[in-house]
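Thanks for coming, everyone. I'd like to walk you through one structure today, so have a look at it before I start.

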Amino acid sequence: MFLNHGINLWKDGINKPMKVLMINHFPLDGSGSGTYTRNIAVHLQKKGHEVCIIMPENTKNFADVPGTLIIPVYFSRTEGTLHTEVIEGMLPFNFPCFTTHPRSVMTFADLDDNQLEMYLSAFENAIKKACEEFKPDIIHGQHIWLLSWLAIKTGIPYVVTAHGTDLMGYKEWERFRKYAEETAIGAKRIITISNDNNELVSELFPACADKAVFMQNGYDTGRFYPEPVPREKIENMFNIKLKEKLVLFVGKLAHFKGVDILIEALILYESEHPGEITTIIAGDGELATTLKKQAADGNLKDLYFMGHLDSTQLRELYSTADVSLVPSRREPFGLVAIEALACGCPVIATNQGGLTDIINDDVGSLVNVEDAKDLAKAIRKEIFHPDRTQRGKNAAKYALDNYAQDSLMDTLIKIYNS
């Protein structure tokens, strides 16, 4: 049982220990908002605050944060060859997503009325439990969406972070707009994670534009840092043979991530420079089968789909790769770009969305959206850059100086208390 400090920091506006209830639509692994939630929870605790997290899960063997109270809402999982782990009280469907998740391809649009009611009821009960037992001073909801909407009923001050996929959902699914609109109206502050994200919030919720406050994402310096490993270790880890250069993509296999454009670029590159590069795609999602077929049809011999990888594997890959690609059609922020840079890996990204706030000529380059020729040209320029070693050092220093989660926490606490 957690003790109540009896302090309402929202009213007092002073930096004393507080209790923060974080609510997310996704688990702590497999999504940007999950990583964001975990990072904030870890660093709030470092500053002496207590944290409780409510999130969906479809396994009891889930990622957690030591010292944090976790209240999971359980869902079933019956996709492909994966069978449901029987958990008492689990909902008879998988947790819904905006696009896709390594452990669910169900979307919010797939929920029928009965499932939606069950979903909201289950999380409302979890939030009620947290409020009774944990007694939060503030609620921090992830996404301007359904679960943040439930925070209204608690009467506890809440802020909400717009992650971008929620804004995509708002545009696409009229059925859920009332929940998002009421969430925005009820929030004390709306945290936006990029300039592009900030503009979209103001465009979609103009009456709430004055609540928007920009705070960029941060990365966990304890997980992502340069860790050069012998290339043989990567080869043995994945049972592959690396070519001279290694190109990497990390992310969901969803349409907005632009992986199909990446594959087009690789086909163009290999036709002109055969046998030069190995490409690893780390991630999973609804387009996995389609993208693998595209690669096979393009006769790509040195492209490997590795599925979802843990942070240790990613750190070693980033530290070994010559470049990491983020070819998104529109990326709300792009935390994977920051994590790559932190490991000393330059990044090629598209010139749309939040990536334009991050990437500059010293640490990578920007290319046109949906332009495979531009991407292929940028890959060759980057992997054979004459100052490749120095660019890696620049990238790691740049990430540490500008995006370390530690350095962003005072800003977040001020937002909680504003």
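I'll go through confidence, then the two sheets, then a few contacts.

So, what you're looking at is a predicted model. How good is the confidence? The protein chain averages a pLDDT of 91, and 95% of the residues score at least 70. Which elements have the lowest and the highest mean pLDDT? At the bottom is helix α1, residues 9-12, with a mean of 44, and at the top is β1 with 98. The weak stretch is residues 1-14, where the pLDDT is below 50. That stretch still has 35 contacts in the model beyond near neighbours in sequence. But where pLDDT is low, the predicted coordinates should not be read in detail, so please don't ask me about those.

Okay, sheet number one. Here we have an open sheet of 7 strands, paired in parallel, and the order reads β3-β2-β1-β4-β5-β6-β7. Out at the edges sit β3, residues 69-74, and β7, residues 212-214, each pairing on one side only. On average, neighbouring strands in this sheet are turned by 20° against each other, if you ignore direction.

Let's zoom in on one pair. β1, residues 19-23, runs parallel to β2, residues 50-57, and the two are joined over 5 bridges. If you want a landmark there, find M22, which stands opposite I53 in β2. Now add helix α2, residues 32-46. This helix lies across β1, β2, β4, β5 and β6, and its direction is at about 160° to β2.

On to the other sheet. This one is open too, with 6 parallel strands in the order β10-β9-β8-β11-β12-β13. The edge positions go to β10 (303-307) and β13 (364-367); each has a single partner strand, so one side of each is left without a neighbour in the sheet. The average turn between neighbouring strands here is 20°, again ignoring direction.

The pair to look at is β8, residues 245-250, with β9, residues 277-282: parallel, over 6 bridges. L246 stands opposite T278 in β9. Packing on this sheet is helix α9, residues 259-272, which touches β8, β9, β10 and β11. The α9 direction makes about 170° with that of β9.

Now some helix packing. How do α12 and α15 sit against each other? Their axes are 7 Å apart, at an angle of about 125°, and the two helices are therefore oblique to each other. From α12 you get I338, L341 and A342, and they meet A395, A396, Y398, A399 and Y403 in α15. By class, that contact has 8 nonpolar residues, with no polar and no charged ones.

What about charges? The whole structure has 19 salt bridges. One of them links the side chains of R175 and D113, at 3.3 Å from N to O. R175 is in the loop between α5 and α6, while D113 belongs to helix α3, so the pair ties together parts that are 62 residues apart in sequence.

Last stop, and we stay in helix α3, which is also the place of A122. Which residues does A122 contact, leaving aside neighbours within four places in sequence? They are V73 and L91. And if you'd like a sense of scale, take A122 and D310: they are 188 residues apart along the chain, and their C-alpha atoms are separated by 29 Å.

That's my tour. Happy to rotate the model if anyone wants another look.

Key:
Residues numbered from 1 in each chain as written. Predicted model: local features only at pLDDT ≥ 70, side-chain atom pairs only at ≥ 80, totals over all residues. Heavy atoms only, no water. Axes fitted to C-alpha atoms, helices over the stretch in contact; angles between N-to-C directions. Helix = DSSP H or I, 4+ residues; strand = E, 2+ residues; numbered from the N terminus. Parallel < 35°, antiparallel > 145°, perpendicular 65-115°, else oblique. Contact = heavy atoms within 4.5 Å. Nonpolar A, V, L, I, M, F, W, Y, C, P; charged D, E, K, R; others polar. Pairing = 2+ DSSP bridges. pLDDT = per-residue confidence, 0-100. Salt bridge = Lys/Arg side-chain N within 4 Å of Asp/Glu carboxyl O.
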